[in-house]
Amino acid sequence: CVHESTVNITDALKAKGMWDNTFMLYLSDNGGPHLGNNFGNNYPFRGGKGNFFEGGVRVASFAAGGAMASSLYGSSLSFAMHTADVYTTFCRMAGRSEQECIDAPDGVPATDGVDYTGRFVNGVDTPRTEEIWLSHRALIQGNYKFIWTYEWEVLASHNGPVWPNANDEGLEADPNECYNADWTQRGCLFDLSADPEERVNLRTVDNERWWTMKNRLAQLNTGSFASELVGYDECITIDEYAAANQGHAGPLCSSPPTPPPPTTPVPTSPVPETPSPSTPEPTPIPAPPATPAPETDAPPTPAPTPVPTSPVPETPSPSTP
């Protein structure tokens, strides 16, 4: 189990005299799957694995190690950190230059990540000022998040504190207010500082910000990059996979290409609910596949992916991101 293996690794590092130069970070790749026959509980946040609401991207983590600032021992921190930042942080911790941590092989864009070495090693609070491009359908700027959804995306419900249970008590229906058949009016805007549970869509209250973030997401999507999946071309059952891999589960099949992102920015100023004939007609965002792509646990691609905005909870003592 995780507990036992962590103890074994920690003891081995200490026995080798390496613990004082070690930074250990545990974090989740996404929130728990919370619907159907799944057993995740992301209370009180909305949604879960498979979407970009806080229940799907805000995850817990913990850090330890002798290389970490002693002032952080036993503390709890909450701040925004993208999984892409982990590579950049570890690269800089390993003594590589800033340029070396940005360089990438030919044909692959430069690494895009924020270095958190100062926070973890030196204990210096360095608030993130960069926006967080969660995916081709979600963007965070400061305290605000914009989410663009598909019609079939119905995983954004809230579950109660005791979940799962035998009668679905406490499971709220997904209002699906982020979807609109008129794509120019599709999407939600949330203030995560005042509404971390994402219950109040600010589209009509702060329509100018809604359009600004919608346009910015479209702009970022024009430069998106995704590597090809290699080695997951055949779908097999989980039993077949486990039999071939010493009892371990893993990717079962490949995913079809992600639907093309929006490429033409929409108007930068608030647009009335019913555009007049003179209103510019933006290029529609292509419709999704009729059936959602089968989920796979294939390794993450270099493209910014749904990544957690990670509150870093309790940091263990030196004896035990």
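**Disulfides**

I began with the disulfides of this predicted model, and I found two in the structure. Taking the bonded cysteines of the protein in sequence order, I wrote down the pairing as 1-2, 3-4.

I looked up Cys91 and Cys101, which are joined by a disulfide with an S to S distance of 2.1 Å. The torsion about their S-S bond is about -95°, so I entered this disulfide as left-handed. I then located the two ends, with Cys91 in helix H3 and Cys101 in the loop between H3 and helix H4 (117–121), and noted that the pair, ten residues apart, links distant parts of the chain. I checked whether the two cysteines are buried or exposed. Cys91 counts as buried because its relative accessibility is 10%, under the 20% that I use as the limit for buried, and Cys101 is buried with a relative accessible area of 2%.

I went on to Cys178 and Cys188, which form a disulfide with their sulfur atoms 2.0 Å apart. The link of Cys178 and Cys188 is left-handed, with -105° about the S-S bond. Cys178 sits in the loop between S5 and S6 while Cys188 sits in strand S6, so this pair ties together parts that are ten residues apart in sequence. I recorded Cys178 as buried, at a relative accessible area of 2%, and Cys188 as buried, at 0%.

**The sheet around Cys188**

Where does Cys188 stand in relation to S5? I found Ile147 opposite Cys188 in S6, and I noted that strand S5 (residues 144–147) is joined to S6 by four bridges, the two strands running antiparallel.

I then followed the whole sheet, which is open, has four strands in the order S3-S4-S5-S6, and is paired in antiparallel fashion. Its edge strands are strand S3 (132–135) and strand S6 (188–191), each of which pairs on one side only. With direction ignored, neighbouring strands of this sheet are turned by 15° against each other on average. I also looked for a helix against the sheet, and found that helix H5 (residues 207–221) packs on it, touching S3, strand S4 (138–141), S5 and S6, with its direction making about 120° with that of S4.

At the S3 side of the sheet I found three bridges joining S3 to S4, which run antiparallel, and a hairpin that joins S3 to S4 through two residues. The bridge partner of Trp133 in S4 is Leu139.

**The core**

Which residues touch the most other members in the largest nonpolar core? I listed Phe52, Phe53, Leu134, Ile140, Cys178 and Phe190, out of 13 residues in that core. I then noted that S3, S4 and S6 each supply at least two residues of this core. Cys178 therefore appears twice in my notes, as a buried residue with a relative accessible area of 2% and as one of the core residues just listed.

**Helix H3 and Ala84**

I returned to H3, the helix that holds Cys91, and looked up which of its residues are buried, finding Asp85, Val86, Thr88, Thr89 and Cys91. I kept in mind that an α-helix has 3.6 residues a turn, so residues three or four places apart point the same way. The buried residues of H3 pack against strand S1 (24–27) and H4. After H3 comes Gly95, whose phi is positive, near 95°.

I looked separately at Ala84, whose place is in helix H3 (residues 84–93). Ala84 counts as partly exposed because its relative accessibility is 27%, which lies between the 20% and 50% limits. Leaving aside residues up to four places away in sequence, I found Ala84 touching Asp112 and Gly113. The C-alpha atoms of Ala84 and Thr111 are separated by 8.4 Å, although these residues are 27 residues apart along the chain.

**The whole chain**

I closed with the overall tallies, counting six helices and six strands in the protein. From the N terminus on, I read the elements as α-β-α-β-α-α-β-β-β-β-α-α. Of the 321 residues in the protein, 38% are buried. I entered the area exposed by the protein as about 17400 Å², of which carbon and sulfur atoms supply 55%.

Key. Residues numbered from 1 in each chain as written. Predicted model: local features only at pLDDT ≥ 70, side-chain atom pairs only at ≥ 80, totals over all residues. Heavy atoms only, no water. Pairing = 2+ DSSP bridges. Axes fitted to C-alpha atoms, helices over the stretch in contact; angles between N-to-C directions. Contact = heavy atoms within 4.5 Å. Buried < 20%, exposed > 50% of the residue type's maximum accessible area, 1.4 Å probe, protein only. Areas by Shrake-Rupley, 256 points an atom, 1.4 Å probe, with all protein chains shown as cover. Disulfide = S-S within 2.5 Å. Core = buried A, V, L, I, M, F, W, Y, C linked by side-chain atoms within 4.5 Å.
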